[in-house]
2 protein chains.
Amino acid sequence: MATEIERIVDGSVTTPKGFVAGATYVGLKTYGEAPLDLGLLMSETPAVVAGTFTTSKVRSASVVLSERRASSLEARGVVANSGCANACVGDQGMKDAIEMTSLAAAKLGVSPEEVLACSTGIIGVELPMGLIRSGIDKIVVSAEGGHEFARSILTTDHNTKEYTVSFLVDGVRVHIAGCTKGAGMIHPNMATMLCFLTTDATVEPALLSQALKEAVDSTFNMISVEGDTSTNDTVLLFANGAAGAPKIDSDKASGETFRRALFEVCRELAKAIVRGGEGATKLIEVVVEGAQSVSDARLAARSVASSVLVKTAIYGNDPNWGRIMMALGKSGAEMQESSMALYINDICIMEDGLPISYFKDAVIANMNGPEIKLVAKLNIGEESATAWGCDMSEAFVTFNSAYTT
Amino acid sequence: MATEIERIVDGSVTTPKGFVAGATYVGLKTYGEAPLDLGLLMSETPAVVAGTFTTSKVRSASVVLSERRASSLEARGVVANSGCANACVGDQGMKDAIEMTSLAAAKLGVSPEEVLACSTGIIGVELPMGLIRSGIDKIVVSAEGGHEFARSILTTDHNTKEYTVSFLVDGVRVHIAGCTKGAGMIHPNMATMLCFLTTDATVEPALLSQALKEAVDSTFNMISVEGDTSTNDTVLLFANGAAGAPKIDSDKASGETFRRALFEVCRELAKAIVRGGEGATKLIEVVVEGAQSVSDARLAARSVASSVLVKTAIYGNDPNWGRIMMALGKSGAEMQESSMALYINDICIMEDGLPISYFKDAVIANMNGPEIKLVAKLNIGEESATAWGCDMSEAFVTFNSAYTT
């Protein structure tokens, strides 16, 4: 059986064979305990790479450079810094991104064109290249460095977010691992999502890109902390084939297993981001079923997960279903009020477009946990989608309105 | 000179000639001092009507009925209730909306088809028709009833929002007046915007509809309190010609004056809604200039005015321009970072895509007033747009997360 996907609890991006990583502190950020702010992740052999990047018109130079280099479908690794987004700094941004990859390449003994760059942190401030130049040599990369790398990309996250799985391809064990940073904010900038994925499977490049796009569309593109899109969002997936397993392509059963495994890793990392949203006390999972199309289901689910009024109601354990209907209605997805049903944590509170009697105190008590599941059944089609959000508390406002510049 | 538009400070929707209004309390809502919750507004003679209605797929039956009846372009008046949205109540919603207009028509001595209905308040609860049936007769309509009517549509608004102007058409004075309710929330429902406009000018029906649509697109459709769209949003404009002035049509200079006057009324009412947003301490005006198209300028301006991270930064007097760039970038409008400039209250803080030195304490001190103006110059075209939002405070979250159901 090649299809069983097993989680490796203590895995990291260096659990897949042939990947090494490491990190150090060079002084780009000034907060956190024992902070790390510059990390390297590398495949010991050339790897196939796939990436997805922010769709914002205002993009970090690091994003622009990585997207360009990833288009070759081959790369060796990535240098990542936290504390500075390398965004809105004019031409200097690209110069610095290129120099940062050149420094990393020299240290790793590879070509600069094979190294990508990712940055997260304050916007509008140039990368302190002096610190990076003098500090990068302190990094020691090794097969044990995955957790350190995961720490080096954090900004105001409370903890690292890592997820690793393995499965068999024709009897040979392969791994997919990932780490991500969450929706924290620092100084005058916004949440910037970064995610790094590694696999030692041998994957046909077209499948790698397609599987990543599909997984990101269903996971990272379905989360919302406060509805704002970063200048720096980047997801990178490196596949180096070091496990020595048969090549995975779309036509094989292993292709399907690979997709499922990659989806699982992305979904768990996406949920970890939302769970760690600034000021968040609850994870909200929104399932829309019975939509006429997948895009309608996604629109509707994201609209609910992103609604400020839904988020504040959930924070108050308030089964305020009028706000859920409002968010569904404004989404633009096709729906008919008279066909719809709503569930909060599996308790039906509306059916056929009409409120039904329910024991309100039971629902309120039921909402007192760390995860809330909202299900909207549109009952006009066969398609469904899931989105994730977090609630919104006073602490969110306090954190994001504090003097920071 | 027919083009001078004068404000009438103490005006109301009954300032234009031939309009009467009144209101009473029938028990639909339980809060507020000396509350009124059922209002009538009527033209003494048949009037031309134009309306704009929520685009949500989940709509109050009152909206559905009013849109249908307004499509005839003729109406006599409207009955409005606060405290109950008449939304998400199944077929009963339409029965009740029709009955409410029939009760109003009988009282006013007109045909039910000439009366529209508007509702705002809790979602998912049927209109208490018994209260409306027994209470509607208490309403006394008169030419002095405009302010009472303005009070009857409020939910958690702190005060009424009214604006009136007059101008001359070929030497005859005509008026445009309006009242609106703001972005309050009560019980398990969301902000529901209603606006009622009256004029005693004689206006060609096609011009009336077109001028209203244009004004709404530039005013009510450019405000955001928390990014959520109501099931009940409605703007109605009645023109009864009672001033006896020459007919206004698109070809005449008076057509242009009418548009400008209507725009001014809508803009001031829209700003009043935002200023009174729940928990709001500041009005934010966002101007985007130099866009390639009006739709791009509007997209970009609304994105900034709606951004939760911009709103929380402004609340904290934080000149956090990275967040403004983020909101512009994610809007989807065309822009080039290297051409852009940003201003906070006329102080340039970014030019050619680069931060410029500014005296930060001066900007922070400057932001300490009740109105903040953000200007983004894209410098790639000739079009511009303005949007309005309010800041977001801890009080907003507290208010919207309180147990309400």
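In chain A, 81% of the contacts with a separation of 6 or more are between residues that lie 24 or more positions apart. Before I go on, please keep in mind that this is a predicted model.

Staying with chain A, its secondary structure comes to 11 helices and 16 strands. The radius of gyration is 22 Å, close to the 22 Å that the globule rule gives for 405 residues, so chain A is as compact as a globular protein of that length. If you take the principal axes, the C-alpha atoms of chain A fill a box of roughly 70 × 55 × 35 Å. As for burial, 61% of the 405 residues in chain A count as buried.

Now to a place where chains A and B meet through helices. Helix H8 of chain A covers residues 308-315, and helix H11 of chain B covers residues 394-401. Their axes come within 7 Å and cross at roughly 70°. That angle makes H8(A) roughly perpendicular to H11(B), because angles of 65 to 115 degrees count as such. The crossing of these two helices, H8(A) and H11(B), is right-handed.

Which residues make the contact? From H8(A) they are A:Leu309, A:Thr312, A:Ala313 and A:Tyr315. H11(B) contributes B:Val397, B:Asn400 and B:Ser401. Sorted by character, the residues of this contact of H8(A) with H11(B) are 4 nonpolar and 3 polar, with no charged ones.

To recap the crossing, H8(A) and H11(B) meet at roughly 70°, with a right-handed turn and no charged residues in the contact.

Key. Residues numbered from 1 in each chain as written. Chains lettered and ligands numbered in written order. Predicted model: local features only at pLDDT ≥ 70, side-chain atom pairs only at ≥ 80, totals over all residues. Axes fitted to C-alpha atoms, helices over the stretch in contact; angles between N-to-C directions. Helix = DSSP H or I, 4+ residues; strand = E, 2+ residues; numbered from the N terminus. Parallel < 35°, antiparallel > 145°, perpendicular 65-115°, else oblique. Left-handed = near helix turned anticlockwise from the far one by under 90°. Contact = placed C-beta atoms within 7 Å. Nonpolar A, V, L, I, M, F, W, Y, C, P; charged D, E, K, R; others polar. Rg over C-alpha atoms; globule rule 2.2 N^0.38 Å. Buried ≥ 20, exposed ≤ 12 C-beta atoms within 10 Å, placed from the backbone.
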